[in-house]
Amino acid sequence: MITVFGSINMDLIATTDRLPKPGETVAGNSFATAAGGKGANQALAARRAGRYVHMAGAVGKDGFAADALALLDDAGTDLSLVKHVDGPTGTALILVGGDGENMIAVVPGANGLVTAADAETAVGKMSEGDILMLQLEVPVDAVECALSEARVRGVTSILNLAPLTPDAPRLGRLADIVIANETEFERLAGQDGMDAEAREAALHRLHQETGQTLIVTLGGDGVIAIRNGVISRAQGLKIEPVDTVGAGDTFCGYFTASLDEGLDFASALRRAAVAGSLACLKAGAQPSIPLSQDVADRI
């Protein structure tokens, strides 16, 4: 079983020919809303990959709450650990440029009211061999509690170091598996501006220090990882991206689902990388997450 402990948002998405510079206003081309939040995105990806998933988090008592949960509900995700609190549901304000790159501002809303007690409740329902997946869009004390409880219970914890926060390096040391992009990994390693050689050396160093499985996503260059002292690499697909917003979350969800399914590590990386590529071909975080058969066909 997979439990995702994290954020649930509504995404407000505007597209432009190019992203604005600081202080600049640009004309938009379109506007849409879509369910999002890194936690919810990863939960939906794991569910579309074919695994049984619990979502744990919070939404507000507003007009966005039902829509924020709709795709998770339609996919058959267990939502019994999602609480409804006074105030607004979390929102993400997203600008997508013509090249598919994006800028995002996140307003926590109900996500900011997720507590350590919620973490204890969620992880308390898990057993040895289950997988807990987390990100950093809910309060630090709740994430830290969830990671600690997972270790006590023999639950495998996977932490995606996003969004990058000052607590990310410390929390990263508490997880069994860490997934980061290039920038997030540099923060974890305490070293800026890494080239490929420096990145691989940092992977070996951190792995030797912690014993953790470390995974670094590299966008169009695929993914590099270290597990049990061995470096692995995987490639996604060569594509022309439409919107990269959901790619990282899709990777995380598919990777976690693949481990839960029993795939070997290399196969899990490859499947997740392909799924992440496919997520770049449609707009929106959750609407773009591919189904398991679509990923299998491309592999």
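Me: What makes a helix crossing left-handed?
Reply: A crossing is left-handed if the near helix is turned anticlockwise from the far one by less than a right angle. This model is predicted. In it, α6 and α7 cross in the left-handed sense.

Me: Which residues of α6 and α7 make the contact?
Reply: From α6 come Glu-182, Phe-185, Leu-188 and Ala-189. From α7 come Arg-199, Ala-202, Leu-203, Arg-205 and Leu-206. Sorted by class, the contact has 6 nonpolar and 3 charged residues, and no polar ones.

Me: At what angle do α6 and α7 pack, and how far apart are their axes?
Reply: The angle is about 50°. The axes lie 11 Å apart. Helix α7 covers residues 196–210.

Me: Why are α6 and α7 called oblique?
Reply: Angles under 35 degrees count as roughly parallel, and 65 to 115 as roughly perpendicular. The angle here is about 50°. Therefore α6 and α7 are oblique to each other.

Me: Now the pockets. How much space lies in the largest pocket?
Reply: About 1300 Å³. It is lined by 48 residues. Closest to its centre are Asn-181, Thr-244, Val-245, Ala-247 and Gly-248.

Me: Which helices and strands supply at least two residues of that lining?
Reply: The strands are β2 (9–16), β6 (90–96), β7 (102–107) and β10 (177–181). The helices are α1 (38–48), α6 (182–189), α8 (247–261) and α9 (265–278).

Me: Which element gives the most to the lining of the largest pocket?
Reply: Helix α8 does, with 5 residues.

Me: How many residues of each class are in the lining of the largest pocket?
Reply: There are 23 nonpolar, 17 polar and 8 charged residues.

Key
Residues are numbered from 1 along each chain as its sequence is written. This is a predicted model: local features need pLDDT of at least 70, side-chain atom pairs count only at pLDDT 80 or more; totals for chains, interfaces and linings use all residues. Side-chain values use heavy atoms; hydrogens and water are left out. On a 1 Å grid over the protein atoms alone, a cavity is a set of points where a 1.4 Å probe fits but cannot get out, and a pocket is an open set with protein on both sides within 12 Å along at least five of seven lines; lining residues have an atom within 4 Å of a point. Grid points are joined across faces, edges and corners, and a volume is the space filled by probe spheres set on the points. Helices (H or I, at least four residues) and strands (E, at least two) are DSSP runs, numbered from the N terminus. Ala, Val, Leu, Ile, Met, Phe, Trp, Tyr, Cys and Pro count as nonpolar, Asp, Glu, Lys and Arg as charged, and the others, Gly among them, as polar. Axes are lines fitted to C-alpha atoms, for helices over the stretch in contact, and angles run from 0 to 180 degrees between N-to-C directions. Angles under 35 degrees count as roughly parallel, over 145 as roughly antiparallel, 65 to 115 as roughly perpendicular and the rest as oblique. Contact means heavy atoms within 4.5 Å.
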